[in-house]
Amino acid sequence: MSTLSATSLWRDRRFRTFWSAQTISAFGDRVTELALPLIAVTLLDASPSQVGFLTAAVWLPNIASLFIGTWVDHRRDKRPLMIAADLARTVLLLSLPVAYWLDLLALGHLYAIAILAGTAQVVFGTAYASFFVRLVDRDQFMEANSKLSATHSISFMAGPAVGGALVQALTAPVAIIVDALSFVFSAIQISRLKITPGVSEESTEPLLQRARAGMRYVLKHPYLSRSLACATTVNFFNLMSTALLVLFASRILGLSAGTIGLAFGIGASGGLLGAVSASPLSRRFGAGPVIAAGAIIFPASIAIAAFADGPTWLKAAALGAAEFVGAFAVMCFDVPLNSLQAAVIHDHMRSRVAGAFSSINYGIRPLGAVVGGFLGTWIGVRETLLVSAAGGLLAVLWLIGSPIIRTRELTGLEPPEL
């Protein structure tokens, strides 16, 4: 690997190739995130609970992430797995417009697509953890994560508008072809990358034993155990409010769909600003303090929307401000934390660690959404948003006394002895 520490990663052809794959794929994802529930609601007359089950199906494969990551870690070259995951999602998504043209669309088909495509995403994500550290040097982790996160944020700003236009012009099932083609592009770009494979775990132990060893590694790791507890707490309370936010904006604040979309799109710009600011903020104040600040501000930001009142423009501004502050803060949390984790994980454990994180960190999200829905019915939607904001503040307590909050820079960080 060429070392470009003193120059921007934009001058690294391999990083540009991978970045382009992730950029196109991210914009494609925004189309499917809009089109899939619209297929259920507009074409299949799905009930709210059925749409909720569809959302749960998307996250369900993350429960098996530990075992998938353990299996991935046993493969020396992760790149073929990433390509296969992209191509699998291509085929799965293309089955939707085909079923639509043949008049064979059914809710069961959507559930199957959500689960299988979600499984492919888990394979890609766990393999990516090992692939990333072979793509860029250690002192470029922060810059690389910042650039990739910035692109992800931009997709949330422009993607919904593009997706909405495509759905309106082409119908939801046909619009999904765009996402399918984005995965083809991603597979082609990744296949062009020449990355020296890392070491694989040489073990004759059964999958279950290796998975248990991976979870023990995470739970005993001084950095990983606390960061997992912190992120999981954030996600649980965040999903309580996420599940109700559109309902709150529409029914409680009385905002139109167009106004809500505009507020979300403007608010998403905070993610772009946070992604490009996370690295310089970490250099100025230290990675650990920036992570801790993000863990406080991100969940608390929903209170801005919860307190919204007054004329329509003011309520819309409050919703956009909540989104902006939250998106900025979550980038300040994610970018340095992802970079720190990449620096302190042994190479042969990376995919298992990614799997363990996803199984717990993402596996908690459906539960948070269910609890949020229950509380919204019981105590009220606005009150539930405030419970979400207050509960999320507990996440930072996991960082107190941990080495994370004392970390200033990544230079010199090494994985602990096994």
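The legends below describe an overview and several close-up views of a predicted model.

**Figure 1. The whole protein, a chain built with helices and no strands.**
The predicted model has 17 helices and zero strands. The protein has 418 residues, and 53% of them count as buried. Among contacts with a separation of 6 or more, 87% join residues that lie 24 or more positions apart. The exposed surface of the protein comes to about 18,100 Å². Carbon and sulfur atoms supply 67% of that surface.

**Figure 2. Helix 9 crossing helix 15.**
Helix 9 covers residues 224-252, and helix 15 covers residues 364-378. Their axes come within 7 Å and cross at roughly 45°. Because of this angle, helix 9 counts as oblique to helix 15. The crossing of helix 9 and helix 15 is right-handed. On the side of helix 9, the contact is made by T232, N235, F236, L239, M240, A243 and L244. Helix 15 brings I364, R365, L367, G368, A369, V371, G372, G373, L375 and G376. Sorted by class, the residues of this contact are 10 nonpolar, six polar and one charged.

**Figure 3. Helix 4 alongside helix 7.**
Helix 4 runs over residues 79-101 and helix 7 over residues 172-191. The two axes come within 8 Å, with a crossing angle of roughly 160°. Angles over 145 degrees count as roughly antiparallel, so helix 4 is roughly antiparallel to helix 7. Helix 4 passes helix 7 in a left-handed crossing. The contact of helix 4 with helix 7 contains 18 nonpolar, three polar and four charged residues.

**Figure 4. Helix 3 crossing helix 5.**
Helix 3 spans residues 65-73, and helix 5 spans residues 107-135. The axes of helix 3 and helix 5 come within 9 Å and cross at roughly 50°. Helix 3 and helix 5 are therefore oblique to each other. The crossing of helix 3 and helix 5 is right-handed. From helix 3, the residues S65, I68, G69, V72 and D73 take part in the contact. They meet T119, V122, V123, T126, A127 and S130 of helix 5. By class, this contact has five nonpolar, five polar and one charged residues.

**Figure 5. D77, in the loop between helix 3 and helix 4.**
D77 has a relative accessible area of 29%. Partly exposed residues fall between the 20% and 50% limits, so D77 is partly exposed. In sequence, D77 and S130 are 53 residues apart. In space, the C-alpha atoms of D77 and S130 are 9.2 Å apart. S130 is also one of the helix 5 residues that meet helix 3 in the contact of Figure 4.

**Figure 6. D103, in the loop between helix 4 and helix 5.**
The phi angle of D103 is near 60°. This is a positive value in a residue other than glycine. The relative accessible area of D103 is 70%. Exposed means over 50%, so D103 is exposed.

Key
Residues are numbered from 1 along each chain as its sequence is written. This is a predicted model: local features need pLDDT of at least 70, side-chain atom pairs count only at pLDDT 80 or more; totals for chains, interfaces and linings use all residues. Side-chain values use heavy atoms; hydrogens and water are left out. Helices (H or I, at least four residues) and strands (E, at least two) are DSSP runs, numbered from the N terminus. Buried means under 20% relative accessible area, exposed over 50%, partly exposed in between (1.4 Å probe, protein chains only). Contact means heavy atoms within 4.5 Å. Accessible areas come from the Shrake-Rupley method with a 1.4 Å probe; for residues, only the protein chains shown count as cover. Axes are lines fitted to C-alpha atoms, for helices over the stretch in contact, and angles run from 0 to 180 degrees between N-to-C directions. Angles under 35 degrees count as roughly parallel, over 145 as roughly antiparallel, 65 to 115 as roughly perpendicular and the rest as oblique. A crossing is left-handed if the near helix is turned anticlockwise from the far one by less than a right angle, and right-handed if clockwise. Ala, Val, Leu, Ile, Met, Phe, Trp, Tyr, Cys and Pro count as nonpolar, Asp, Glu, Lys and Arg as charged, and the others, Gly among them, as polar.
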